[in-house]
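I opened this one with a fresh notebook page and a cup of tea. Here is what I looked up, in the order I looked it up.

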Amino acid sequence: MGISIRAYARHRGVSDAAVRKAIAAGRVTPEADGTIDAERVDREWARNSDAPRNGTATRAVKVAVPETSGTTGDGPTALPAGGTSLLQARTVNEVVKAQTNKVRLARLKGELVDRPQAIAHVFKLARSERDAWLNWPARISAQMAAKLNVDPHTMHIALEAAVREHLQELGEMRPRVD
């Protein structure tokens, strides 16, 4: 005949609910009459449980964290087999919220411009610059021909060819966007 579950719980330094839970989980086995043989159950408890004797149970927590940072050949680093943990999902959500709020604030401050509108404006400026250069030989060729004592028509043809060649070179350049 052993001791009661409550007496064994006091002996272990745990609650009687913890002892009942260990019995239900099969970590420890009571005697046939429902009492506990303290020495035998202490050994079973130590062998089948990770909880220390003083009753302050420590539990290992598994956290789903990618093993490496960065990207792989298949795209972003793959998550462990379990998928995304709740903590990671919340972190990603908070980062997205912060980025969205940052963009909204910049838009309200007038620091952002509409991309299609900016592209149209740059195209319009470039076209007006090109047109100004194409009209320049017609305006200046007669004055230059008079100063150099050459035929005005020949001067106009030469200047226009040089300007068109230069504009063609500028059109073939690809700007770097940093």
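**Entry 1: how two helices meet**

I am working with a predicted model, and I began with a helix pair. I found that α1 and α3 pack at an angle of about 60 degrees, their axes lying 11 Å apart. That angle makes α1 oblique to α3. I then checked who does the touching: Y8, H11 and R12 contribute from α1, while A38, V41, D42 and W45 contribute from α3. For the handedness, I noted that α1 passes α3 in a right-handed crossing.

**Entry 2: the rings at that contact**

Y8 and W45 both turned up in that contact list, and I wanted to see their rings. How many aromatic pairs are there by the distance rule? I counted two. The pair of Y8 and W45 is tilted, with 6.3 Å from centre to centre and 55 degrees between the planes. The label follows because planes under 30 degrees apart would be stacked and those over 60 edge-to-face. Y8 belongs to helix α1 (residues 5–12) and W45 to helix α3 (residues 38–48), so this pair ties together parts that are 37 residues apart in sequence.

Are Y8 and W45 buried or exposed? I found Y8 to be buried, and W45 as well. I also spotted a charge at the tryptophan: the charged end of R27 sits over the ring of W45, 5.9 Å from the ring's centre.

**Entry 3: α1 again, with another partner**

Next I followed α1 to helix α2 (residues 16–25). Their axes come within 8 Å and cross at roughly 105 degrees. That makes α1 roughly perpendicular to α2. On the α1 side I listed I5, R6, Y8 and A9, and on the α2 side D16, V19, R20 and I23. So I wrote Y8 down twice: it is in the contact with α2 and in the contact with α3.

I stayed with I23, which lies in helix α2. With a relative accessible area of 23%, I23 is partly exposed. Which residues does I23 contact, leaving aside neighbours within four places in sequence? My list for I23 reads I5, V28, P30 and I36. I also took the distance from I23 to V41, which is 18 residues along the chain: their C-alpha atoms are separated by 9.9 Å.

**Entry 4: over to α5 and α6**

I moved on to α5 (115–148) and α6 (152–172). These two helices pack at an angle of about 145 degrees, and their axes are 8 Å apart. Their crossing is right-handed. The contact list is a good handful: among the α5 residues I noted W133, L134, W136, P137 and M144, and among the α6 residues M155, L159, V163 and L167.

I picked V163 in helix α6 for a closer look. V163 counts as buried, at 8% relative accessibility. Beyond its neighbours within four places in sequence, V163 is in contact with W133, L134, W136 and P137. The C-alpha atoms of V163 and W133 are 7.0 Å apart in space, although 30 residues separate the two in sequence.

**Entry 5: the loop between them**

What is the phi of N149? I read a value near 55 degrees, which is positive in a residue other than glycine. I jotted down the background here: most residues other than glycine have a negative phi. N149 is in the loop between α5 and α6. N149 is also exposed, with a relative accessible area of 71%.

**Entry 6: stepping back**

Last, I looked at the chain as a whole. I counted six helices and two strands. Their order along the sequence is α-α-α-β-β-α-α-α. How much of the chain is buried? Of the 178 residues, 15% are buried, and Y8, W45 and V163 carry that label. For long-range contacts, I took those between residues at least 6 apart in sequence, and 37% of them join residues at least 24 apart.

Key. Residues are numbered from 1 along each chain as its sequence is written. This is a predicted model: local features need pLDDT of at least 70, side-chain atom pairs count only at pLDDT 80 or more; totals for chains, interfaces and linings use all residues. Side-chain values use heavy atoms; hydrogens and water are left out. Rings of Phe, Tyr and Trp (its six-membered ring) pair if their centres lie within 6.5 Å; planes under 30 degrees apart count as stacked, over 60 as edge-to-face and the rest as tilted. Helices (H or I, at least four residues) and strands (E, at least two) are DSSP runs, numbered from the N terminus. Buried means under 20% relative accessible area, exposed over 50%, partly exposed in between (1.4 Å probe, protein chains only). A charge sits over a ring if NZ of Lys or CZ of Arg is within 6 Å of the ring centre and within 35 degrees of the ring normal. Axes are lines fitted to C-alpha atoms, for helices over the stretch in contact, and angles run from 0 to 180 degrees between N-to-C directions. Angles under 35 degrees count as roughly parallel, over 145 as roughly antiparallel, 65 to 115 as roughly perpendicular and the rest as oblique. A crossing is left-handed if the near helix is turned anticlockwise from the far one by less than a right angle, and right-handed if clockwise. Contact means heavy atoms within 4.5 Å.
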